[in-house]
Structure formats: structure tokens, C-alpha cells
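User: Please take a close look at one part of this model, and then follow the chain outward from there. I am new to this structure, so explain each term as you go.

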Amino acid sequence: MFKISGVYCAVITPLNTNLSINNNLYLRHCQSLMKKGLDGLTIFGTNGEASSLSIRQKIHCIEFLLENRVDPSSLIVGSGSSSLEDAIELTKFTAKIGAKASLLIPAFYFKNVTDDGVIAYYRNVIEQTGDNNFKFLLYNIPQYSGVTINFNIIENLLKLYPSNVVGLKDSTGNIDNMLQTIKYFNDFSVFCGNGAMALHTSRRGGAGAITGDANITAKLLSFIIHNFKREKEIDNFNNLQALIENIRNVLSSYEQISLLKAYYSIADNMKEWNNVMPPLKKIDNPSNNKQVTALLDLVKQIDILIPTSS
């Protein structure tokens, strides 16, 4: 039985013109997402531009969400950092508020680090957080971190912290590796970071998905993952999967964060959505951008294909 499973949106972070977090818009976005069938939200991960935000910004924003009745148990917080002290501080805060888990990226920047070095990073964060019941998801995204979370690292951490280290988000895009991880580690929650692949990994015992595409596919992805065991009873199930694959293909054709924000600047009719943290660059004139236009058309199909009662 998985300790954590389901569909979680890796939430994008709306910004003001001065590049501070737009707390009110963030709250509204989180509230809207949670009405679409998700099991929870993952905040301040890659899609949340976490590496461009300070620990103070993150903590103040989370406190704002909690003050406005966002349930902390619905939150998985990206608390990793290249600063060990920051990673420990944010993880302690995450555990203290009663969040569901920490999504912990390994320290990044240095390349060709050893497994022992990666394990030492995780050991410091887990032990100094000091909560035997708090849950950690390892974050395997080597194309950003430069670090591959391999079987040796997982195995060692599971031996050391069997009650804490409960799963992994795999954003490598390597479905064979995800399936091998699912098969090799029993009762270990392997989340797919790609919404289009989540059905395939879930069929083989995966825990679900933690993905940025759920910012626009939350209803669709939630329906697919929560209903795949009865897919033969759902006449248009193949069409649902085809739609999420088409949406993901468009997202993959451009820098995803900027594209998602440009989409919302049109769909939400709020130009503030189009602000991104440097070094990312916003999409100019999103209403004339072919990827944004394609996403607007595709997302409209979700409500057509999924019955309102679902």
C-alpha cells in the first residue's frame, strides 16, 4: 500500500511586475486547481521557479496560503536547495506546518558528484529535520540538477530511513527506468513527472503523477489516473489519453513555464500571469503565439470529453 499516491499539480508561481510573488493570484490558482479532482498540490518545484525564489519568499507565501484556509496536508513542498542550510530550514518549516511531504531535489550545480555525496546531502536534511514521521519524496530530474537518483542512492536511503523516504518523482522522461524502479522497490511511491506517461506507469504499479502540465490538465489527468482501472467501461478513454498526449506535445515544444503563464494570461484575461523570473523570458503577444492558441483549443476539449458529473 503506497504511503502517498494520486495526482498532484506542480503549481506555477504567479508574479507581480516587480517579480515578487502575487499571493492573491497564487491562492486563487491553488483553489481553482483543487476543485478539479487533484489529490493535492506540489508547490515550489521546478515549474514553480523555485530555484529563482528565496526561502523567505517561499515561507511567506506558504504562510499566506495557510492563513487563507489551504489545507497543509494537501501540499507537497519543494524544499531542496543547493544551500544545505536553506534546504534544512525550509524542510523543517514544511514538516512543522503538517504538509503531506517534502519533494527534495539533490543539491545541484556541482557535476559528477558521488553517490556518497548525494546520500550525505539527504542524510543531513532528513536527520536535522528531526521528524520520524515526516515523508520525503526524492526528486530525479538530472537534466536540471545534474544528479541522477539511481538505485544505489534509493536503496541506501530506504535502509537508513524506511519511515521517511517513501517515494520518488521521476522527471527523466525515461519510462523504462520508471518501470524498473516501480518493479524493484516494493511499496515505494514512484510518481511520473510527465502527465502523458502517467497512465502507462500507473498501469504497471506507479503511484500517480506530479506534473506541471496539470496546471491546465488537472481535470483530465485526475480523471484518467483515478479511473484507469475501469477504462474498458469508459467509451472515450482512449480519446482522453490522446488529448493529454497532444497537450503535452505542445508544452514540450516550448519552454514550459513561460508557455503555461502565457496561456493563463489569455485564459484568465490577466496580463500579470505573463511575468516570469529571469533568466526565463516571457512570451510577447501571447494571443498571437501558435503554441498558446493551440493550448487554448485543446484545453477546451477537456470539458467536452469528460462528463460534468465526473
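Analyst: A polar contact is a pair of N or O atoms within 3.5 Å; within protein, one of them must be able to donate a hydrogen and the other to accept it, and residues adjacent in sequence count only if both atoms are side-chain atoms. The model is predicted, and local features need pLDDT of at least 70 while side-chain atom pairs count only at pLDDT 80 or more, but totals for chains, interfaces and linings use all residues. Residues are numbered from 1 along each chain as its sequence is written, and side-chain values use heavy atoms, with hydrogens and water left out.

The close look starts at Asp 170. The side chain of Asp 170 makes a polar contact with the side chain of Asn 177, at 3.4 Å. Asp 170 is found in strand 6; strands (E, at least two residues) and helices (H or I, at least four) are DSSP runs, numbered from the N terminus. Asp 170 has a relative accessibility of 1% and therefore counts as buried. Buried means under 20% relative accessible area, exposed means over 50%, and partly exposed is in between (1.4 Å probe, protein chains only). Apart from neighbours within four places in sequence, Asp 170 is in contact (heavy atoms within 4.5 Å) with Asn 140, Asn 177, Met 178, Phe 191, Cys 192 and Gly 193. Ile 210 is 40 residues away from Asp 170 along the chain, and their C-alpha atoms are separated by 8.8 Å.

Strand 6, which spans 165-170, is one of the elements that the buried residues of helix 6 pack against; the others are helix 4, strand 5 (136-140) and helix 7 (175-184). Helix 6 covers residues 151-160, and in it Ile 153, Ile 154 and Leu 157 are buried. Seen down the axis of helix 6, these buried residues fall within an arc of 95°, so they line one face of the helix. The arc is that of the directions from the helix axis to the C-beta atoms. At the start of helix 6, Asn 150 has a side-chain oxygen within 3.1 Å of the backbone nitrogen of Asn 152.

Helix 4 (115-129) is preceded by a loop that begins after strand 4 (101-104), and Tyr 109 is found in this loop. Tyr 109 has a positive phi of about 105° although it is not a glycine. With 63% relative accessibility, Tyr 109 counts as exposed. Asn 112 lies in the loop between strand 4 and helix 4, and its phi, near 55°, is a positive value in a residue other than glycine. Asn 112 is exposed, at 77% relative accessible area.

Further along the chain, Ser 222 lies in helix 9 (residues 214-227). The relative accessible area of Ser 222 is 3%, so this residue is buried. Not counting neighbours within four places in sequence, Ser 222 is in contact with Val 7, Lys 36, Gly 37, Leu 38 and Thr 217.

Helix 9 also packs with helix 10 (residues 237-251), at an angle of about 140° and with the axes 10 Å apart. Axes are lines fitted to C-alpha atoms, for helices over the stretch in contact, and angles run from 0 to 180 degrees between N-to-C directions. Helix 9 and helix 10 are therefore oblique to each other: angles under 35 degrees count as roughly parallel, over 145 as roughly antiparallel, 65 to 115 as roughly perpendicular and the rest as oblique. The residues that meet include Ile 216, Leu 220 and Phe 223 in helix 9, and Phe 237, Leu 240 and Ile 244 in helix 10.

Helix 10 and helix 11 pack at an angle of about 110°, with their axes 9 Å apart. That makes helix 10 and helix 11 roughly perpendicular to each other. Arg 248, Val 250 and Leu 251 in helix 10 meet Gln 256, Leu 259 and Leu 260 in helix 11. Gln 256 is buried, with a relative accessible area of 15%. Leaving out residues up to four places away in sequence, Gln 256 touches Asn 47, Gly 212, Asp 213, Arg 248 and Leu 251.

Between helix 11 (256-267) and helix 12 (290-305) there is a loop, and Pro 279 lies in it. The peptide bond from Pro 278 to Pro 279 is cis, with omega near 15°.
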